Amino acid sequence: MESKRSFKLWFVVLSVLLLVVFVMNISLGSVSIPFTEVLASLTGNGASKASWEYIIIDYRLPKALTAVLAGSGLAVSGLLMQTLFRNPLAGPFVLGLSSGASLGVALLILGAGAFGGAMAGILTSEWSLVFASAAGSFLVLLAVLAVTFRIKDSMAILIIGLMFGSVTAAVVAVLSYFSSAEQLQQFIFWSFGSLGNQSWYGILILSSCCVLGMLLALISCKSLNALLLGENYARSMGLHIKRTTVIIILATSLLAGGITAFAGPIAFVGLAVPHLARQIFTTSNHFVLLPAVILSGAFLMLICDSVAQLPYSEYTLPINAITSLIGAPVVIWLLVRKRKLLF
Amino acid sequence: MDEERQHRVLSVSDLTVGYRHRRHQHAVASGIGFELEKGTLTGLVGANGIGKSTLLRTLCGMQPSLGGKLRLYGKDIANYTSMELATRLSIVLTEPPASKNLTVRELVTLGRQPYTNGFGMLTDKDREAIGHALEITESTTLSERKCYELSDGQLQRVVIARALAQDTDLVILDEPTTHLDLYHRAYVLKLLKRLTTETGKTILFSSHEIDLAIQLSDKLIVMDVEKTYVGSAKELINDGRFDALFPKETIYFDSENGRFTIKN
């Protein structure tokens with residue numbers, strides 16, 4: 001049982017690293033706060049300056065938590081999609097969820113002009129963006145689920161998801177064509193993704209989505225392992241393919257839909273982290289992979305966010321770009337080094 | 001009476017197999033009838049496209065039959081729940097496992113899924129079944145290897161081990177000898193034969209290895225264009241059932257030696 005021990009070692013290493021990066025992420029920011037003061041705030045002893053305390057507890061801590069939730073949630077939904085479709089290119093957004101969210105937000109921001117100036121102010125508040133994005137994802141999800149119930153081949157769901165994605169992306173493009181530069185800019189800022197500016201109430205909702213989605217993923221682990229052999233084998237071992245598919249799609253939608261609603265469409269993490277985890281843990285067993293992608297997804301997202309906020313400067317880079325800039329070379333390096341795509 | 005029922009594992013009569021497109025049916029083969037007795041090895045042979053795979057898929061409950069009777073232990077196969085069926089019937093398909101990033105032991109362990117709880121926890125009984133399945137297929141030394149490291153012959157042994165770990169009385173294999181060299185083709189079929197005599201399993205396999213199947217099977221099912229014939233190899237040879245299997249201008253059946261020969 002050599003392999004079991006090395007799993008445990010990796011889990012311990014990753015957990016410690018995650019904790020370190022979490023504290024590091026909170027210590028870094030545009031305002032320089034001494035490390036001891038950061039620890040004091042986090043442990044509930046209070047910082048010596050009220051402004052520091054405020055920055056840490058009401059800005060940096062929620063942002064770090066959002067990064068953890070978004071990173072692990074997207075990674076889990078990527079893993080679910082890759083196994084369900086047995087396709088290493090699948091990610092959290094293959095079902096068209098992010099396009100649905102984009103459509104919702106585009107209709108809100110770009111369509112707001114049509115409702116007149118006064119209405120536009122109310123419509124584009126923080127919560128309305130979350131609502132529009134969630135509604136868009138949810139509608140696409142309903143369409144995908146409706147199709148799932150009628151179709152036998154799960155590969156067809158993949159294609160249909162991509163088609164929904166193309167259609168909604170096209171509608172967004174048409175809407176952009178008719179909107180003002182200012183509206184367009186606002187929409188583009190949303191599409192950059194953002195982990196910051198979350199209220200504690202928002203985090204509560206986001207974490208409920210994520211916990212529920214991950215619980216659904218956990219109860220699907222046995223079925224996911226069976227699906228590794230292909231649908232026919234899985235069915236011959238007593239698996240209800242349709243029920244499993246619906247549970248997996250629901251889990252993905254809760255995770256990817258919820259995260260997109262709060263943090264915008266964050267690319268790459270969902271596609272890459274399952275591959276990273278498979279390379280590190282050298283297994284496709286989901287009882288190992290699920291905790292592995294949760295830890296490494298959160299870890300990667302915290303690193304990316306630390307870089308994106310450009311410590312000690314006033315600028316914050318779009319998180320969506322940073323995840324790809326940091327993550328892609330890592331995946332390429334791992335694949336070239338191991339010369340084999342493990343799936 | 002009850003004992004006889006237990007003895008007769010699968011009974012098929014006047015079965016029609018094929019596909020259903022909305023309103024009309026497309027029958028691939030019909031009038032199929034045979035019985036599989038406990039502890040026997042049965043080979044299914046026939047030309048490409050004659051419907052061997054369709055028949056096997058129907059027997060496994062993967063697609064509905066178009067007519068006739070198909071009973072597993074006296075109960076219509078359509079009336080089994082998927083979980084019940086999983087403890088009675090295991091399969092080995094021509095398609096390789098979708099993911100090969102599993103160790104041999106992990107893959108064989110998946111065969112215990114019908115018996116394990118929601119988190120796939122193994123009991124001592126499960127471990128014993130897995131160990132036994134690895135042992136009897138001579139794969140114990142492979143157990144910590146990854147499936148992508150195996151040769152085709154080794155992988156075939158391992159997927160058979162998975163079916164054995166599922167601990168079902170009936171095992172159905174779709175062309176278990178494709179992609180294998182002559183030695184491994186003979187090895188796999190001999191292994192199947194050994195399983196029927198040593199563990200009392202009932203095994204049905206389809207194959208293009210008619211020569212080997214004739215030598216090893218207790219019974220053969222020959223699928224021809226019009227009709228399906230069932231019997232021992234000797235009976236089928238005497239009745240000339242293999243003669244019409246393929247066009248005679250290329251190969252013909254040499255009934256004295258029980259094998260096909262090139263026509264010069």
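Q: In this predicted model, which residues make the nonpolar surface patch of about 650 Å²?
A: Happy to list them: chain A gives A:Val211, A:Leu212, A:Leu215, A:Leu218 and A:Ile219, and chain B gives B:Phe119 and B:Met121.

Q: What makes B:Phe119 partly exposed?
A: Its relative accessibility is 39%. Buried would need under 20% and exposed over 50%, so at 39% B:Phe119 counts as partly exposed. Membership of a patch asks for over 30% relative accessible area, and B:Phe119 is indeed one of the residues in the patch.

Q: Where in chain B is B:Phe119 found?
A: Look at the loop between helix 4 (104-110) and helix 5 (124-136) of chain B.

Q: Why is A:Met155 called partly exposed?
A: The relative accessible area of A:Met155 is 30%. The partly exposed class sits between under 20% for buried and over 50% for exposed, so a value of 30% puts A:Met155 in that class.

Q: Where is A:Met155 placed, and which residues is A:Met155 in contact with, leaving aside neighbours within four places in sequence?
A: A:Met155 belongs to helix 7 (residues 154-177) of chain A. Its contacts of that kind are A:Phe85 and A:Arg86, where contact requires heavy atoms within 4.5 Å. A related pair is A:Met155 and A:Leu84: they are 71 residues apart along the chain, and their C-alpha atoms are separated by 8.9 Å.

Q: Is A:Ala40 buried or exposed, and how do you know?
A: Buried: the relative accessibility of A:Ala40 is 17%, and the cut-off for buried is under 20%, so the label follows.

Q: What surrounds A:Ala40 in chain A?
A: A:Ala40 is found in helix 2 (residues 35-42). Leaving aside neighbours within four places in sequence, A:Ala40 is in contact with A:Asn45 and A:Gly46. The C-alpha atoms of A:Ala40 and A:Glu53, 13 residues apart along the chain, are separated by 9.0 Å.

Q: How many helices and strands does chain A have?
A: Chain A has 15 helices and zero strands.

Q: Why is chain A called as compact as a globular protein of that length?
A: The radius of gyration of chain A is 21 Å, and the globule rule gives 20 Å for 343 residues; the two are close, so the description fits. For the overall extent, the C-alpha trace spans about 65 × 55 × 35 Å along its principal axes.

Q: What share of chain A is buried, and what supplies its exposed area?
A: Buried residues make up 55% of the 343 residues. Chain A exposes about 15100 Å², with 72% of it supplied by carbon and sulfur atoms.

Notes: Residues are numbered from 1 along each chain as its sequence is written. Chains are lettered from A and ligands numbered from 1 in the order in which they are written. This is a predicted model: local features need pLDDT of at least 70, side-chain atom pairs count only at pLDDT 80 or more; totals for chains, interfaces and linings use all residues. Side-chain values use heavy atoms; hydrogens and water are left out. Patches are made of residues with over 30% relative accessible area and no salt bridge: like charges are joined within 9 Å, nonpolar side chains (Val, Leu, Ile, Met, Phe, Trp, Tyr) within 5 Å. Accessible areas come from the Shrake-Rupley method with a 1.4 Å probe; for residues, only the protein chains shown count as cover. A salt bridge is a side-chain nitrogen of Lys or Arg within 4 Å of a carboxyl oxygen of Asp or Glu. Helices (H or I, at least four residues) and strands (E, at least two) are DSSP runs, numbered from the N terminus. Buried means under 20% relative accessible area, exposed over 50%, partly exposed in between (1.4 Å probe, protein chains only). The radius of gyration is taken over C-alpha atoms; the globule rule is 2.2 Å times the number of residues to the power 0.38.
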